[in-house]
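Here are my notes on the model you sent round. Please read them with the coordinates open.

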Amino acid sequence: FDEALIYVEKWQKMLRKVYGENDPHMLACYFLYGQICSDLGKYTDALDKFEKVEKVTQENKNAKFNDSGEVFIYKTRCHFNLGNFKEAKENFEKALEYNTHKSGVNSKKLADCYYTAADIFKTSEQFKDETKDLYSKSLEMYRNNGQACIFETMSTLTSFATFLQRTGEEKEAVKLAEESLEICKQHFPTNLEKLESCQNVLGMAQFMAGDIENALVNLHSAAKICEDLGDSSKNLISHYFNLVRAYAKTEQYENTEKYGKKVLEMDFAKNGKVGEWIEPTLKYLAPAFSSLKKDEEFQKLKTTYTS
């Protein structure tokens, strides 16, 4: 993203020399510049560019910009991350109005708008109820679009289920995750990354709901896909850590030890003793090693990965 920003700055300078600051030819450049700044977390800079898009379109009657709805959504994200909640809501309302007028009340564009807003607001406990409503509306609209939006329906089900796990609505989360996995198996059986995600979300929803037996089945399936893909990334570490939690919950301590050691080895190899998984994994391993009468081995393990 940093390198992309360098090139878009050069592009902006070239266009300014030819067309000036407020010419319609600048619109795409300002929008891309704002997108990159937003992705980099430079929300104030991003807002400056998005506001220039709005200014140019307002001052030039012949200026046409097809992504005006996206501008409002990006401004929603920027304001929200800056803590400007009032402005965030105002821009979301503008995005809804724009997409409703342009595409209709049941359009994919409008559904995308609700989904993106849910993805923004979900990070704040203050907007828990609003987020749930946004996910519900986007899911309903995607479903109304049938096969044309089947992938979006599946993705929304997965995201909604993940959100509901955090809000303590585990049973509803399981239902949504089951539906998402069923869609994935039926319509996208070769999309292994999505299948992995769906099985992991279902496994964690089942774990949170206390259905450890079925949770283990899905968590193992998600980990197996990562292994088969040769994926030793954060995803696989996360899957192994979830298995540690599930096995520890049912006091299957030999398997807790097995997967706990995998997490420690992988995280240590990637990040050294500052790995984010080391401390939480050791907390689950402590009672496991104690039960297995391996207290001395646990102390050696702890020394290796933390001292």
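The points below run from the overall fold to single residues.

1. Overall make-up. This is a predicted model. The protein has 15 helices and 0 strands. Its C-alpha atoms fill a box of roughly 75 × 45 × 35 Å along the principal axes. Of the 307 residues, 45% are buried. Among contacts with a separation of 6 or more, 57% join residues 24 or more positions apart.

2. The largest nonpolar core. This core holds 43 residues. Phe92, Tyr114, Phe121, Leu134, Phe160 and Leu176 touch the most other members. Two or more residues come from each of α4 (68-81), α5 (85-103), α6 (108-121), α7 (128-144), α8 (150-166), α9 (170-187) and α10 (192-208). Helix α6 gives the most, with 8 residues. As a general point, nonpolar side chains in soluble globular proteins tend to be buried together.

3. The α5/α6 pair. How do these two helices run relative to each other? Their axes come within 9 Å and cross at roughly 165°. The cut-off for roughly antiparallel is over 145 degrees, so α5 is roughly antiparallel to α6. The crossing is right-handed. On the α5 side, the contact residues are Ala88, Phe92, Ala95, Leu96, Asn99, Thr100 and Ser103. They meet Lys109, Leu110, Cys113, Tyr114, Ala117 and Phe121 of α6. Phe92, Tyr114 and Phe121 also appear among the core residues that touch the most other members.

4. Phe121. Beyond its neighbours within four places in sequence, Phe121 is in contact with Thr76, Phe80, Ala88, Phe127, Thr131 and Leu134. Leu134 is another of the core residues that touch the most other members. Two of the partners are threonines, Thr76 and Thr131. Both are taken up next.

5. Thr76. Is this residue buried or exposed? Thr76 sits in helix α4. Its relative accessibility is 0%, and the cut-off for buried is under 20%, so Thr76 counts as buried. Leaving out residues up to four places away in sequence, Thr76 touches Ala88, Asn91, Phe92, Ile120 and Phe121. Ala88 and Phe92 are also α5 residues that meet α6.

6. Thr131. This residue belongs to helix α7. Thr131 is buried too, with a relative accessible area of 0%. Outside its neighbours within four places in sequence, Thr131 is in contact with Ala118, Phe121, Lys122 and Phe163.

7. Lys122. Where does this lysine lie? Lys122 is in the loop between α6 and α7. Its relative accessible area is 27%, which makes Lys122 partly exposed. Not counting residues up to four places away in sequence, Lys122 touches Thr131, Tyr135, Phe163 and Arg166. Thr131 and Phe163 also contact each other. Gly168 is 46 residues from Lys122 along the chain, and their C-alpha atoms are separated by 14 Å.

8. Met208. This methionine lies in helix α10. Met208 counts as partly exposed, at 35% relative accessibility. With neighbours within four places in sequence set aside, its contacts are Gln165, Glu170 and Arg245. Met208 and Glu169 are 39 residues apart in sequence, yet 9.2 Å apart from C-alpha to C-alpha.

9. Helix α11. Residues 212-228 form this helix of 17 residues. From first C-alpha to last, α11 reaches 24 Å, close to the 24 Å expected at 1.5 Å a residue. Which of its residues are buried? They are Ile212, Ala215, Leu216, Asn218, Leu219, Ala222, Ala223, Ile225 and Cys226. In general, an α-helix has 3.6 residues a turn, so residues three or four places apart point the same way. Just after α11, Gly230 takes a positive phi of about 70°.

10. Helix α13. This helix covers residues 253-271, 19 residues in total. At 1.5 Å a residue α13 should span 27 Å, and its end C-alpha atoms are 26 Å apart, which agrees. Its buried residues are Tyr253, Thr256, Glu257, Tyr259, Gly260, Val263, Leu264, Met266 and Asp267. Glu257 and Asp267 are the acidic residues in that buried set. A glycine follows here as well: Gly272, just after α13, has a positive phi of about 70°.

Technical notes. Residues are numbered from 1 along each chain as its sequence is written. This is a predicted model: local features need pLDDT of at least 70, side-chain atom pairs count only at pLDDT 80 or more; totals for chains, interfaces and linings use all residues. Side-chain values use heavy atoms; hydrogens and water are left out. Helices (H or I, at least four residues) and strands (E, at least two) are DSSP runs, numbered from the N terminus. The expected span of a helix is 1.5 Å times one less than its number of residues. Buried means under 20% relative accessible area, exposed over 50%, partly exposed in between (1.4 Å probe, protein chains only). A nonpolar core is a set of buried Ala, Val, Leu, Ile, Met, Phe, Trp, Tyr and Cys residues joined through side-chain atoms within 4.5 Å. Contact means heavy atoms within 4.5 Å. Axes are lines fitted to C-alpha atoms, for helices over the stretch in contact, and angles run from 0 to 180 degrees between N-to-C directions. Angles under 35 degrees count as roughly parallel, over 145 as roughly antiparallel, 65 to 115 as roughly perpendicular and the rest as oblique. A crossing is left-handed if the near helix is turned anticlockwise from the far one by less than a right angle, and right-handed if clockwise.
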